[in-house]
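User: I'm new to this one. Can you walk me through it?
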Protein chains: 2
Amino acid sequence: MKKNISMKDIAQRLGVSTALVSYVLNGQLEDRINKDTAQKIKNLADELGYRPNHVAKSLKINKTLTIGLILADISNPFSANLARIIEDEAKKHKYTVIFGSADESADKSEDLIRTFMSRRADGFIIAAPEGSEELLSSLKKQDIPFVLIDRYFPELQVNTVTINNFQASAEATNHLLEQGFSEIGMINLKADLFHLAERSRGYKAALTQAGQKDEGKNLKEVDEKNMIKEVHQAINELLNQPEPIQAIFFGNNNLAIEGLIHIRSLNIRIPEDLAIVCFDESNAYNLFYCPVTYIRQPLAKLGQAAVKLLIESIGNQERSTNNITLEAELIIQKSSQKYI
Amino acid sequence: MKKNISMKDIAQRLGVSTALVSYVLNGQLEDRINKDTAQKIKNLADELGYRPNHVAKSLKINKTLTIGLILADISNPFSANLARIIEDEAKKHKYTVIFGSADESADKSEDLIRTFMSRRADGFIIAAPEGSEELLSSLKKQDIPFVLIDRYFPELQVNTVTINNFQASAEATNHLLEQGFSEIGMINLKADLFHLAERSRGYKAALTQAGQKDEGKNLKEVDEKNMIKEVHQAINELLNQPEPIQAIFFGNNNLAIEGLIHIRSLNIRIPEDLAIVCFDESNAYNLFYCPVTYIRQPLAKLGQAAVKLLIESIGNQERSTNNITLEAELIIQKSSQKYI
DNA sequence: CTGAAAGCGCTTACAG
DNA sequence: CTGAAAGCGCTTACAG
């Protein structure tokens, strides 16, 4: 193993102090350092292939320029896309990101945060799983900078960057109503997560506003653990009830994909027999025979806002709290058009 | 800001040395430390909420337990899936991963490696872009542990974990030949990357072995930058030549998705009019009307082997070189069956 | 069984 | 314009 060369090595060879080397290599105090000395130091550093030791620097300055990113699952496209945005935005500010997948488990999430804390991440961006309120409160109490992304807990006063799930759902439902559909079903995930509940609430609010009475009757909430089976069952129920459904709104892309597979297997034509709207994009929609209407989340803005907010929060002493809400966009395609 | 509490704090409160605190909290020298003292130290650590400072430890032991992961693009499902496997495997060995997307650029890849080196990653797992041979040689010369994943450079003697692209392509082509198709086209990416060239080579070798003469005549290599347009064009050419094509083999999933979209728009039926095989999986296949035959890469094994190899390499003094080749699996579905 | 001490590679007041 | 020195929070021979 070749020894890594340090500032001290450079200083000794040149007969100067490490302080001077540090100032020069960091471009500090430039106006009051002898140009010649500075140049010599730079040259030797180049020549020896000096690489700063960020670990030592971190220890000294008590900052690592590291962001801990806690996602649901990096292999999920939503998480992966967000990760990419966050990576790019972090890099602009010289931050590096360490990531972990919490798999919707509060325990795993806590483990990850603990690990990243011992590695002295400067702050966290967290897609928080159900049941992590306590952990988040404790982080806040410890004055650890973090921002929640995607999910949030209305009772917690912490930094958040989320989309307006209520509004997006209402808009999607209104679009279907405007197309002339009145019997509109929704298939959503059964979970206590607020952002999912907001989607159901937006759907119901739109129906109520349109004068419908029993606005929850066509809402099916399925268990994630048994998702495929329950989606199929929910679709069957919606189709076979006294007043059969004219349109289905899926609460996320995974539900939509399973739903569309099932619908095709039933030989139900879209949009002739049934209209479809989905929350979230998926490149899978591209291979479906009918272009799919979906709600597009502003992922780039979400990720960028989260990084920006986090970095501000790291820099500030007083912990003010910021809640950023972004609007999603309804991309209207053929699957939701009234077939005449 | 609350001050982080350190081993020194614990030692002072208890009137012992930090050495002792270190031994106890790390479970070292257990047999020769007074049980009472040990217990007191542990209790106080708990009580004060002591969190080890991994940065200080890293500086001292000159190891960070960090893996630098260089991917093509974390937002791409192939990269993201790999990242998840690597995350899990790394965690088992107490490693944390920092990642970056190189976007197939040798320069970005170098930047990332430089950054991660100054952060003293113990080693790297790299999906290397075209043109990074020099960088990799230089890493090797500096004795920096790394393993290449997915891509590799046959002229470089370095650790690699790859699949047998030649064999997988040959198998896919043979499958089509066995189904009775003789006019088989392939659409692949035009690139110098060895793993892509191997896919073309496997395809051609299978045709040659089947007695075909001009085995390159139905191979179309498209430019990634102009991918969509060139895929459409390639398909048109293959369909409109004197002996029209009976089957198309796509060199990766992105090519396949664009190809399938185009094929559907031409009202060509699969598998009645045209058989299809694709390299790589995609959840998009799920929404295509015909189940798609594809080559499944053993992602889990790839990632696990890479981490294992890297960690061995970090631990070893002598830099032996290891090349692991895994076999892919052909998942045969309806899209490649001869329609009778 | 335990402590004093050196040192990992930096940064940064302070002094001159 | 530059250097001596302290210190970030650990680990680890060494000594007793």
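User: Where does Pro271(A) lie?
Analyst: Pro271(A) is in the loop between helix 11 (253-265) and strand 9 (275-279) of chain A. Keep in mind that this is a predicted model.

User: What kind of peptide bond joins Ile270(A) and Pro271(A)?
Analyst: A cis bond, with omega at about 5 degrees. Most peptide bonds are trans.

User: And in chain B, what joins Ile270(B) and Pro271(B)?
Analyst: A cis peptide bond joins them, and omega is about 5 degrees. Pro271(B) sits in the loop between helix 11 and strand 9 (275-279) of chain B.

User: What about Asp150(A), is its phi positive or negative?
Analyst: Positive: phi of Asp150(A) is near 70 degrees, and the residue is not a glycine. Most residues other than glycine have a negative phi. Asp150(A) belongs to the loop between strand 4 (146-149) and strand 5 (160-163) of chain A.

User: OK, zooming out. Which domains is chain A divided into?
Analyst: Domain 1 covers 7-52, domain 2 covers 64-162 + 299-327, and domain 3 covers 165-297 + 330-336. Taken over C-alpha atoms, the centres of domain 1 of chain A and domain 2 of chain A are 38 Å apart.

User: At what angle do helix 8 and helix 9 of chain A pack?
Analyst: About 35 degrees, for helix 8 (residues 165-178) and helix 9 (residues 194-209) of chain A, with 7 Å between their axes. Helix 8 of chain A crosses helix 9 of chain A in a right-handed way.

User: Which residues make that contact?
Analyst: On helix 8 of chain A they include Phe166(A), Ala170(A), Thr173(A) and Leu177(A). On helix 9 of chain A, Glu198(A), Arg199(A), Gly202(A) and Ala206(A) are among them. By class, the contact of these two helices of chain A has eight nonpolar, seven polar and three charged residues.

User: Switching to the two chains. How many residues does each give to the contact?
Analyst: Chain A gives 43 residues and chain B gives 43 residues. On the side of chain B that touches chain A, the elements giving two or more residues are helix 4, helix 5 (77-92), strand 2 (96-101), helix 6 (106-118) and helix 11 (253-265) of chain B. That side of chain B has 21 nonpolar, 14 polar and eight charged residues.

User: How many degrees of turn lay chain B on chain A?
Analyst: A turn of 180 degrees, with a shift of 0.0 Å along the axis, lays chain B on chain A at an RMSD of 0.0 Å. The two copies are therefore related as by a two-fold rotation axis. In chain B, Ala284(B) has the C-alpha nearest the axis, 1.7 Å from it.

User: Why do you say the copies meet through the same surface?
Analyst: Because 100% of the interface residues of chain B are also interface residues in chain A.

User: Now the DNA. Which residues come closest to DNA strand C?
Analyst: Ala19(A), Ser22(A), Asn53(A), Ala56(A) and Asn34(B), out of 27 residues that surround DNA strand C. Helix 2 and helix 4 of chain A, together with helix 2 and helix 4 of chain B, each give two or more residues to the surface near this strand.

User: Which helix gives the most there?
Analyst: Helix 4 of chain A, with five residues. The surface near DNA strand C divides into 13 nonpolar, ten polar and four charged residues.

User: And which residues come nearest to DNA strand D?
Analyst: Asn34(A), Ala19(B), Ser22(B), Asn53(B) and Ala56(B), from the 27 residues around DNA strand D. The elements that give two or more residues there are helix 2 (18-25) and helix 4 (54-61) of chain A, along with helix 2 (18-25) and helix 4 (54-61) of chain B.

User: Where does the largest share of that surface come from?
Analyst: Near DNA strand D, helix 4 of chain B gives the largest share, five residues. The classes are 13 nonpolar, ten polar and four charged for the surface near DNA strand D.

Terms used: Residues are numbered from 1 along each chain as its sequence is written. Chains are lettered from A and ligands numbered from 1 in the order in which they are written. This is a predicted model: local features need pLDDT of at least 70, side-chain atom pairs count only at pLDDT 80 or more; totals for chains, interfaces and linings use all residues. A residue is near a molecule or strand if its C-beta atom, placed from the backbone, lies within 6 Å of it. Helices (H or I, at least four residues) and strands (E, at least two) are DSSP runs, numbered from the N terminus. Ala, Val, Leu, Ile, Met, Phe, Trp, Tyr, Cys and Pro count as nonpolar, Asp, Glu, Lys and Arg as charged, and the others, Gly among them, as polar. Two residues are in contact if their C-beta atoms, placed from the backbone, lie within 7 Å. Copies are superposed by least squares on the C-alpha atoms of residues with pLDDT of at least 70 in both. Domain bounds come from an automatic or database domain assignment. Axes are lines fitted to C-alpha atoms, for helices over the stretch in contact, and angles run from 0 to 180 degrees between N-to-C directions. A crossing is left-handed if the near helix is turned anticlockwise from the far one by less than a right angle, and right-handed if clockwise.
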